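Welcome! Here are some short exercises for getting to know a structure, each followed by a worked solution. Try each task with the model open before you read on.

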Amino acid sequence: HKHILGIEQLSKEDIGFILDTADSFKEINSREIKKVPTLRGKTIINLFFEASTRTRTSFEIAGKRLSADTINITASSSSVVKGETLEDTAKNIEAMRPDIIVMRHAASGACDYLAKRVDCSIINAGDGAHEHPSQALLDMLTIRQHKGRIEGLKVAIVGDITHSRVARSNLYGLTRMGAEVRLAGPGTMMPPGIERLGAKVYHDMNQAIEGADVVMMLRIQLERQGKTLLPTLREYAKFYGLNTQNLQLAAPDALVMHPGPVNRGVELSSYVADGIQSVILDQVENGVAVRMALLYLVLGGEQAE
Ligand code: CP
């Protein structure tokens with residue numbers, strides 16, 4: 001693939017190949033090895049129009065581990081604040097001859113829009129409420145690492161599904177890899193018709209997490225709610241928060257996941273976020289390997305030794 005715009009466009013074989021490649025890159029992000037020359041001479045620009053801690057940093061580290069030149073542009077310190085359009089910004093960046101633009105943008109479809117207008121590769125680092133493919137890939141890598149498989153697992157995704165690009169990318173990826181995906185959240189945060197993408201929909205969180213092998217919690221995206229009538233955060237925590245009591249409904253060895261940033265005490269109690277079933281920091285660590293694999297494969301690499 002020239003671009004990585006979403007999981008929707010990836011086959012089961014594509015996903016398996018990316019995860020295998022990421023596995024083979026893991027040791028390059030270890031204490032012993034920190035750099036290989038694989039992408040020497042390549043230039044990667046991280047173009048971020050929305051805030052990020054994990055995604056931007058790990059794409060930068062991933063590029064550096066592979067010896068690419070990585071440059072970060074954040075919209076707030078760019079000429080976007082002077083009124084330059086997305087297309088003009090991208091065309092001007094492209095004139096400097098990068099090999100890949102990694103972009104995060106508040107508008108769903110912004111990465112697809114750019115991919116049709118520039119010659120270099122585009123990797124979607126999150127576009128509005130549409131997709132966040134590298135996040136779903138690192139989530140699937142983490143599940144595979146801990147469970148040895150994805151096929152046949154029951155995965156509950158709980159929270160603000162409507163605004164979650166993470167939920168959408170995971171729904172495409174996990175169902176394609178043979179998992180059962182259960183979605184739970186308030187009616188105002190559940191997109192109508194999402195069952196058509198293969199999910200089971202619940203409004204009672206307890207039913208969704210009963211017997212689940214993985215419980216993936218999401219935060220309420222207050223910045224994207226528009227006119228939605230919101231529950232208070234206390235009400236939300238009561239009905240859609242994961243705590244030590246309701247976690248017992250899941251399988252005894254269930255993984256607790258969260259893409260971050262966590263709103264502690266809202267969707268996740270601190271006991272659970274820091275508990276032995278939490279793999280939240282493994283997700284972040286795997287994010288570097290997955291992003292190395294994406295940069296490498298988009299630039300034409302074969303599966304690593
Ligand atoms: N999970 C995730 O995308 O985190 P950031 O917003 O910090 O990149």
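**Exercise 1: the two sides of a helix**

Task: Find which residues of α8 are buried, and work out how they are arranged around the axis.

Solution: Start with the buried residues of α8, which are Y236, A237 and Y240. These residues span an arc of only 105 degrees around the axis, so they lie on the same side of α8. The general rule behind this is that an α-helix has 3.6 residues a turn, so residues three or four places apart point the same way. Next, turn to the other side of α8, where R234, K238 and F239 are exposed. Finally, look for what covers the buried residues: the cover includes β5 (154-158), α7 (205-209) and β8.

Keep in mind as you work that this is a predicted model.

**Exercise 2: how far to trust the model**

Task: Find the mean pLDDT of the chain and the scores that the predictor gives the complex.

Solution: Begin with the chain, whose mean pLDDT is 94. Then check the spread: 96% of the residues reach 70 or more. For the complex, the predictor gives an ipTM of 0.98 and a pTM of 0.95. One caution goes with such scores: where pLDDT is low, the predicted coordinates should not be read in detail.

**Exercise 3: a strand and its partners**

Task: Decide whether the faces of β3 are covered or open, and find which strands are joined to β3.

Solution: First count along the strand. β3 covers residues 100-105, and 6 of its 6 residues are buried. Now separate the two faces: I100, V102 and R104 are on one side, while I101, M103 and H105 are on the other, and both faces are covered.

Next come the partners. Strand β1 (residues 43-48) runs parallel to β3 and is joined to it by 5 bridges. In this pairing, L47 stands opposite M103. Strand β4 (residues 121-127) also runs parallel to β3, again with 5 bridges, and here V102 stands opposite I123.

To finish, follow the chain from β3 through helix α4 (residues 110-115) to β4: together they make a right-handed β-α-β unit.

**Exercise 4: a buried threonine**

Task: Locate T89, and decide whether it is buried or exposed.

Solution: T89 is found in helix α3, residues 86-94. Its relative accessibility is 6%, which is why T89 counts as buried. Leaving out residues up to four places away in sequence, T89 touches L47, V80 and E84. L47 is familiar from the previous exercise, where it stands opposite M103 in β3.

**Exercise 5: a leucine in a loop**

Task: Describe the surroundings of L218.

Solution: Place the residue first: L218 lies in the loop between β8 (214-217) and α8 (233-240). Then check its accessibility, which is 3%, so L218 counts as buried. Its contacts beyond four places in sequence include I157, V158, H258 and P259. Another of them is Y236, one of the buried residues of α8. For a sense of scale, the C-alpha atoms of L218 and H1 are separated by 29 Å, with these positions 217 residues apart along the chain.

**Exercise 6: looking for disulfides**

Task: Work out how many disulfides the model has, and why C111 is not in one.

Solution: A disulfide needs two cysteine sulfur atoms within 2.5 Å. Take C111: the closest cysteine sulfur is in C120, 12 Å away, so the pair is too far apart for a bond. The count therefore comes to 0 disulfides. As for their settings, C111 is buried with a relative accessible area of 0%, and C120 is buried too, at 6%.

**Exercise 7: unusual backbone angles**

Task: Find what stands out in the backbone at S67, at R97 and at the bond from G260 to P261.

Solution: Recall the background first: most residues other than glycine have a negative phi, and most peptide bonds are trans. S67 has a positive phi of about 70 degrees. S67 sits in the loop between α2 (54-65) and β2 (69-74) and is buried, with a relative accessible area of 16%. R97 also has a positive phi, of about 65 degrees. R97 belongs to the loop between α3 and β3, and is exposed at 62%. Last, the peptide bond from G260 to P261 is cis, with omega near -5 degrees. P261 is found in the loop between β9 (255-257) and α9 (270-273).

How values were computed
Residues are numbered from 1 along each chain as its sequence is written. This is a predicted model: local features need pLDDT of at least 70, side-chain atom pairs count only at pLDDT 80 or more; totals for chains, interfaces and linings use all residues. Side-chain values use heavy atoms; hydrogens and water are left out. Helices (H or I, at least four residues) and strands (E, at least two) are DSSP runs, numbered from the N terminus. Buried means under 20% relative accessible area, exposed over 50%, partly exposed in between (1.4 Å probe, protein chains only). Contact means heavy atoms within 4.5 Å. Two strands pair if DSSP finds at least two bridges between them. A crossover is right-handed if, with the strands pointing away from the viewer, the path from the first strand over the helix to the second runs clockwise. The arc is that of the directions from the helix axis to the C-beta atoms. pLDDT is the predictor's confidence in each residue, from 0 to 100.
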